[in-house]
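Here's a quick briefing for anyone opening this structure for the first time. Have a look at it, then read on.

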Amino acid sequence: MTYGLVATNLIGYLMQMGYGLEASAWVWGLIPQRLLGGADTPVLIPGHGEVLIGSLPLLTLFTSMFMHGGLLHLGGNMLYLWIFGNNVEDRLGHWRFLFFYLVGGVLATLSHVLVSRGSGLPLVGASGAVAAVLGAYWRLYPHARVRCLLFLVFIVQFVELPAALVLGLWIVLQVINGLLGLGIGVGAGGVAWFAHIGGFLAGLLLLVFLGGRRPPRPAAVRWDD
């Protein structure tokens, strides 16, 4: 299922390229103003004024998580999903993992909407759903060794660190950036920090309902960053 989700995101990006990355983001991305105001709420698009977009707002809760703003955005999300997703899928099973991924992505998006209710900018990307996967991995495999590329001025070397530390630092950075970006809608650089935070917390919460438990032994993972 993890590989199927990666393939679906790749197909989604190819469709975006055919339609136009920016145009597709406005039509099928999640826009908080439209989600809360309904399909008849016009959206202020830079350079075009107020435009009434044809897609259904509730549907964009799902379509937005299979869209991306560029190759780096797509590549980063798919790398995280490919590396961490299969281990979480092993614990949940194929169909429960798919349910986990989709619901985690929706909850992550709603977290963004909660703090950006007046935003008229589209949200796209699998980051929220992937953050849910990271949250589940942090809970299930805290002692797994994650191989990271460490930069120390002129020294570059690989180090192996516990997943609990690596992913714990990651979520701390999301919280810091999210708090700094409050009131801006999306954070600096166009990052929806609260979608990451909400996704990570959703991953922890969904494990309780789906019965995910830690394995008897830590799983091995290799991650170059």
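Let's start with a helix pair: α6 and α7 cross in a right-handed way, a label used when the near helix is turned clockwise from the far one by less than a right angle (anticlockwise would be left-handed). Keep in mind that this is a predicted model, where local features need pLDDT of at least 70, side-chain atom pairs count only at pLDDT 80 or more, and totals for chains, interfaces and linings use all residues. Residues are numbered from 1 along each chain as its sequence is written, and side-chain values use heavy atoms, with hydrogens and water left out.

**The helix pair**
- α6 packs against α7 (residues 127-140) at an angle of about 120°, and their axes are 7 Å apart.
- That makes α6 oblique to α7 (under 35 degrees is roughly parallel, over 145 roughly antiparallel, 65 to 115 roughly perpendicular, and the rest oblique).

**His 94**
- His 94 sits in helix α6 and is exposed, at 51% relative accessible area (buried is under 20%, exposed over 50%, partly exposed in between, with a 1.4 Å probe and protein chains only).
- Its C-alpha atom is 5.8 Å from that of Met 1, although the two residues are 93 apart along the chain.

**A nonpolar patch**
- Leu 114, Val 115, Val 175, Leu 179 and Leu 182 make a nonpolar surface patch of about 430 Å².
- α6 (94-115) and α8 (163-180) are the elements that give two or more residues to this patch.
- Leu 182 lies in the loop between α8 and α9 (193-210), and is partly exposed, with a relative accessible area of 47%.
- Patch residues have over 30% relative accessible area and no salt bridge (a side-chain nitrogen of Lys or Arg within 4 Å of a carboxyl oxygen of Asp or Glu); nonpolar side chains (Val, Leu, Ile, Met, Phe, Trp, Tyr) are joined within 5 Å, like charges within 9 Å.

Conventions: Areas by Shrake-Rupley, 256 points an atom, 1.4 Å probe, with all protein chains shown as cover. Helix = DSSP H or I, 4+ residues; strand = E, 2+ residues; numbered from the N terminus. Axes fitted to C-alpha atoms, helices over the stretch in contact; angles between N-to-C directions.
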